[in-house]
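Student: Please choose one part of this structure and look at it closely for me. I would like the pairing of the strands set out step by step, followed by whatever surrounds the ligand.

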Amino acid sequence: MTVRRIPLVAGNWKMNFDHLEATYFVQKLAWLLRDAHFDFKRCEVALFPSFTSLRSVQVLVEADRLRVTYGAQSVSVTTQGAFTGDVSADMIAHLGCSYVIVGHSERRKYHPEDDANIVDQVRAVLAAGMQPILCVGESFEERRQGIELDFAVGQVRDVTRDLSDEETSKLIVAYEPVWAIGTGMVATPQSAQEASCAIREDLRETFGADVADAVRILYGGSVTSKNAAELISQPDVDGFLIGGAALDVDELAKIARLVSKSTQGR
Ligand code: PGA
């Protein structure tokens, strides 16, 4: 069976934009994409605002039937109770979110999110009917040691080990070498392809072709409109998780347009 993977351009806003700025951004993005050059069947665009902006984004997207999807940047592993400051997967799902980013390197660094916690987050997101975007990728040290592929594949394995075929097929993996995030040092298209291919082949070995061909694998780390075309031309790179460049609406629309033009669906 050949599964068609629609490329995904995901804008991770991190801790930027209040709800008024978020609303303005979404309107302008929708307006920029609503032209003859953008084919939504060839590229999905998703935004990841702060929790405080999700409701505003939902209202706008639903009221104007905008073809933009959205999600949250993190999630609690518990469903409810005395967990001050946490937000559950169900609360996020009830705001119309399609996705939740899980295991971003900034979360792993600044919060107590270890591998076990990340597995629980993935489970919580799936149980609430959303798709997790699982971030993996080596630091500079692992790259120096030449173990970057094993490292990224191992991080995916740690999460998929206890998942069913069906659950795994809903996963989106973002290969984000930590040294490339926010540094301007983008991975070469060859190394983004190598890592994405290694992850997909490992999924193929464990879960079979249908699952491996369904999982979208994104590249993240200093993506801009200058490097996006070459990166997306790689057969196993199914889109991007974008930080800095996703704060500029013209730049994000430009990247989405490049992706929609250079892919036929996979
Ligand atoms: P960047 O961030 O595009 O600013 O490198 C990517 C990310 O953190 O997902």
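Tutor: Two strands count as paired if DSSP finds at least two bridges between them; strands (E, at least two residues) and helices (H or I, at least four) are DSSP runs numbered from the N terminus. The model is predicted, so local features need pLDDT of at least 70 and side-chain atom pairs count only at pLDDT 80 or more, while totals for chains, interfaces and linings use all residues. Residues are numbered from 1 along each chain as its sequence is written, and side-chain values use heavy atoms, with hydrogens and water left out.

With that settled, the part to look at is strand E6, which belongs to a barrel that eight strands close in the order E1-E2-E3-E4-E5-E6-E7-E8, with parallel pairing. Within this sheet, neighbouring strands are turned against each other by 25 degrees on average, direction ignored, where the axes are lines fitted to C-alpha atoms and angles run from 0 to 180 degrees between N-to-C directions.

E6 spans residues 172-175, and strand E5, residues 131-136, runs parallel to E6 and is joined to it by four bridges. Two residues of that pairing can be followed individually: isoleucine 133 stands opposite isoleucine 172 in E6, and valine 136 has tyrosine 175 of E6 as its bridge partner. Beyond E6, strand E7, residues 216-220, is again parallel and again joined by four bridges, and here valine 173 has isoleucine 217 in E7 as its bridge partner.

In a regular strand the side chains alternate between the two faces of the sheet. In E6, Ile172 and Ala174 lie on one side and Val173 and Tyr175 on the other, and all of them are buried, so that both faces are covered; buried here means under 20% relative accessible area, exposed means over 50%, and partly exposed lies in between (1.4 Å probe, protein chains only). E5 is mostly covered as well, with five of its six residues buried.

From E5 the pairing can be traced back to E4, since those two strands pair in the parallel sense over four bridges, and isoleucine 101 stands opposite isoleucine 133 in E5. Isoleucine 101 is in strand E4, residues 99-102, and counts as buried because its relative accessibility is 2%. At the start of the barrel order, strand E1 (residues 8-12) pairs in the parallel sense with strand E2 (residues 44-48) over five bridges, and asparagine 12 stands opposite phenylalanine 48 in E2.

The loop that follows E1 and leads to helix H1 (19-33) holds lysine 14, and phenylalanine 17 has its place in that loop between E1 and H1 too. Most residues other than glycine have a negative phi. Lysine 14, however, has a positive phi near 50 degrees, and phenylalanine 17 has a positive phi of about 75 degrees. Both residues are partly exposed, lysine 14 with a relative accessible area of 22% and phenylalanine 17 at 23%.

Lysine 14 also leads to the ligand, for Lys14, His104, Glu176, Gly182 and Ser222 come nearest among the 13 residues around it, a residue being near if one of its heavy atoms lies within 4 Å. By class, this shell has four nonpolar, seven polar and two charged residues; Ala, Val, Leu, Ile, Met, Phe, Trp, Tyr, Cys and Pro count as nonpolar, Asp, Glu, Lys and Arg as charged, and the others, Gly among them, as polar.

An oxygen atom of the ligand is 2.6 Å from an N or O atom in the side chain of glutamate 176. A ligand oxygen also lies 2.7 Å from a polar backbone atom of serine 222, and one is 2.8 Å from a polar backbone atom of glycine 243. The protein covers 95% of the 280 Å² of accessible area that the ligand has on its own, computed by the Shrake-Rupley method with a 1.4 Å probe.

Serine 222 sits in the loop between E7 and helix H11 (228-232), and it counts as buried because its relative accessibility is 19%. Its side chain reaches the backbone oxygen of alanine 180 at 2.6 Å, and a polar atom of the side chain of serine 222 lies 2.7 Å from the backbone nitrogen of glycine 184.

Notes. Polar contact = N/O pair within 3.5 Å; in protein donor to acceptor, adjacent residues only side chain to side chain.
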